[in-house]
Structures are given as C-alpha cells and as structure tokens.
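Trainee: I should like to examine this model step by step, beginning with a single residue and moving on to the sheets and cores. May I put my questions in that order?

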Amino acid sequence: MVKRNPHFLNLSESYLFPEVMRRVRHYQQNHPEVELLSLSIGDTSEPLTRSATLGLLNQAEKLGTREGYKGYGLEQGEFLLREKITEVFYPNLIDPDEIFVSDGAKCDIGRLQLLFGQTAALAVQNPTYPVYVDTSTVVGNRSISYLPCTPENGFFPDLSKLADVDLLYLCSPNNPTGSVITKPQLQDLVSWAQSKKAFIIFDAAYSGFIQDPTLPRTIYEIPGADEVAIEVSSFSKLIGFTGVRLGWTIIPKKLRFENGHPVHKDYTRFVTTFFNGASVIAQAGGLAALSLEGLEEMRQMLAFYLENASLIRQELQRQNLTVYGGDNAPYLWVKCASKPSWDLFQTLLEKTGIIATPGIGFGSQGEGYLRFSSFGSRPHILKALERIRTAWPQDW
Ligand code: PLP
C-alpha cells in the first residue's frame, strides 16, 4: 500500500478560501433567495486590457501557422519579456538573466520551498498570506516563526526578535493587511539579512498598487538587496491574469549559499528539471501589456480597483470601524467587535449577504479582523456598500 505523505498531517484540512466557500455554500443551501456579494477572495473582475488581449490573440494565431509555430520555449522565459520586465519594473537594478518567468507567484513560492528544502528555518509575518506556511509544511519544514504584525508596530515585524532565521518571507503591499513597507524599514531589513546571513523572500505581487512615490516597489531599490533577497511577482493583479497565469521570480547572481555556491545556478537547474517554461501565449500577452499603451491601460485598471477600495473604506468608516490599508493596496483590514473572526464572517453573511475573509485565516493576529477585497465590478461594489450602509451589525 502507498503511504500518505506524513507532512500532509500538519496541514489544515483545507486551504482558507475553499473553507470560506464551503461555509457560504452551506448558508446558500438554506437561504437560496439571498443574493450573495463576495468581497472575499482577491480575484480580479475586470476584463483583460486591450493590449494584453491582442498579445494573446496574435500569439495564438501565429501558433496556428507553419511559419509561426514553436514548441517549448526557454525554461527561464522569453528573453524579450525578461528584458521588458527589467525595463519597466527594475531599471538599472537587475539583469534580465536574473529573471525567471513562470506560471505565477504562488507556483514560484512552492518551487522556492523545494529549492531550499526542509531544513531552512523560516519566519513569516503574522498575519500572513497562507501559502508561505502551507507550501513549506508540505515539504516537511517544521521550523516556522510567526512575527506579529499589528497596528501597534505599524504591521512591521520586530527585527530584534528574529533569531536563527534562514528565510524571511515578507509581502508588501501586504496581503491581508494592506500595509506597505517603507524605504527605511526595507533598509533595516536588508541590513538585518546581511548581518544574519539570511535571505529575504520578498513578495511584490501587489506592487503595482503603490501610489505613494516614497514607498519602495521592489526590494532591489535598497543597495545590497541583491546579495540577500529573492523577489516574487506576478501579472495576476496587474492586468487580470489570474486565470491566464504569468509571474516571475528574481534570483540575483550575487546571492550565494553559505558555501559560496550561486543560488541562481541551483534555481536554473531546478526550473529546467521541474518546469518547462510559462505558456508562450501568456508570455506574449504579458509582453504586449508592457507596451506604452498597455502600461497606461494597466494604470487605469489598478486605479479602478483602488477607487473601489476607497469607496469601501469610506462606507466602513461611516460605521465607526477602524480600517487599515486600501491606499496602496487592494485589501482593507478591518477591526471589528472582539469576537472570533469566523463568527464575524458568519454574522456578516447572515445580516448583509456579504462574504468577507475571516482574519484568523491569515494567522492568530488576524483574530477580530475581517479582510475586504476591492476586486469587483462597480455595480457589485455599490450594491455591497448599500448593504453595509443599511444592514451592518449594530453591535460591532
Ligand atoms: N502572493 C500574494 C501575496 C498573493 O496574495 C497572491 C494571490 O492572491 C499570490 C502571490 C499569487 O499570485 P499568482 O496569481 O501569480 O499565483
């Protein structure tokens, strides 16, 4: 008989969002008349930008011709796309050869766990995007420290408490709190990693939402970060590619293991073995989306979601709630009554038909919070605002 991978025993039974949907389905079975409005999962709602759509179409057409057909591409990604990503997001900061194009940031986070293996001591923010913890648990890693990130410390971990950590996962703009790490904070982090000989895995999947020009959009804005940091990013929220699938990871050539071996070399070996490259159609769409016209369309799409965030925040504040995030991020982190957040989730569902995400799903420091996502069409958001205005639980 085949034995079950024992590390699965250390995972919670389901990932957060399937659990949210299980409870929603249960409610809907008993209340089929209620029109539910989801402000829960961070999935995009707006159609692809025109440039991205044309890029996808043209590449698909080409593949249907003898002259234009091609099979496997480079495992690391098309050079033109890597060059364009460098030009748009990392001018003079990194080299196209340091970019590994992929099928998305989530998949890359899983790959990084396999790269570092089960012995690396990890630290994550609390609350955190659950994927860092779950993917490391699956590879058998049991050494995970949770660093409280709360309003009291500005959602930034206390570096003095960080002992014996090999890999520190950080997400900015943050999912779920919507907070953004400032430049001085990022400088401190890079100095910390240099002094401890640790690596930072910096998740910049939401960097496109940053409006404040003083806030860093990539960790490589900090001198020396290329000796200590890996950055993971994604086209998902930039241009609505959550279903198309395209992302990238940066492994600087200066990043070295303890014995001096370049991490870049191992990751190249790894992706050529485990991954045959991102879809050439998706890559063509991503490349087209980074044209001048495409970038303007991207800017408009991101501004649209941020306007949604601002509308939701105003309405929640009218209910006298303390709301964090939403200025430079698509998420709002909302302090509600001091009740377990699954109870908050359930009460909100029953009173308003709105689905939010219970903060506890992101870690113990999320207790008493709900996360609201600003992804959604405008009519959908306006309907949700009306429900918040008229049916919000009075005792919160
Ligand atoms: N990183 C964070 C912080 C996210 O919130 C998400 C998706 O919600 C991802 C990565 C996954 O991105 P992708 O769609 O590229 O896999």
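Trainee: In which strand is Ser102 found?

Mentor: This is a predicted model, in which local features need pLDDT of at least 70 and side-chain atom pairs count only at pLDDT 80 or more, while totals for chains, interfaces and linings use all residues. Residues are numbered from 1 along each chain as its sequence is written, and side-chain values use heavy atoms, with hydrogens and water left out. Strands (E, at least two residues) and helices (H or I, at least four) are DSSP runs numbered from the N terminus. By that numbering, Ser102 is found in strand S2.

Trainee: Is Ser102 buried or exposed?

Mentor: Buried means under 20% relative accessible area, exposed over 50%, and partly exposed in between, with a 1.4 Å probe and protein chains only. Ser102 has 1% relative accessibility, and therefore counts as buried.

Trainee: Which residue joins its side chain to that of Ser102 in a polar contact?

Mentor: A polar contact is a pair of N or O atoms within 3.5 Å; within protein, one must be able to donate a hydrogen and the other to accept it, and residues adjacent in sequence count only if both atoms are side-chain atoms. A contact in general means heavy atoms within 4.5 Å. Beyond its neighbours within four places in sequence, Ser102 has contacts that include Arg111, Arg245 and Trp248. The polar contact, at 2.8 Å, joins the side chain of Ser102 to that of Asp108.

Trainee: Which are the edge strands of the open sheet of seven strands?

Mentor: Two strands pair if DSSP finds at least two bridges between them. The seven strands follow the order S2-S8-S7-S6-S5-S3-S4, with mixed pairing. The strands that pair on one side only are S2 (99-102) and S4 (144-148).

Trainee: Which residue in S4 stands opposite Leu122?

Mentor: Strand S3 (residues 122-126) and S4 run parallel and are joined by five bridges. Opposite Leu122, in S4, stands Ile144.

Trainee: What angle does the direction of helix H3 make with that of S2?

Mentor: Axes are lines fitted to C-alpha atoms, for helices over the stretch in contact, and angles run from 0 to 180 degrees between N-to-C directions. Helix H3 (residues 79-89) packs on the sheet and touches both S2 and strand S8 (247-250). Its direction and that of S2 make an angle of about 110 degrees.

Trainee: Where does the largest nonpolar core lie with respect to domain 1 and domain 2?

Mentor: A nonpolar core is a set of buried Ala, Val, Leu, Ile, Met, Phe, Trp, Tyr and Cys residues joined through side-chain atoms within 4.5 Å. The largest one has 82 residues, and Leu112 and Phe116 have the most contacts inside it. Domain bounds come from an automatic or database domain assignment. Domain 1 (6-48 + 295-391) and domain 2 (50-292) both give residues to this core, so its place is between them.

Trainee: Which residue in S13 stands opposite Lys335?

Mentor: Four strands form another open sheet, with antiparallel pairing and the order S9-S10-S13-S12. Within it, strand S10 (residues 331-335) pairs with strand S13 (residues 369-373) over five bridges. The residue opposite Lys335 is Tyr369.

Trainee: What is the phi of Gly326 in the turn between S9 and S10?

Mentor: S9 and S10 pair in the antiparallel sense over four bridges. They form a hairpin with five residues between them. Gly326 lies in the turn, and its phi is positive, at about 85 degrees.
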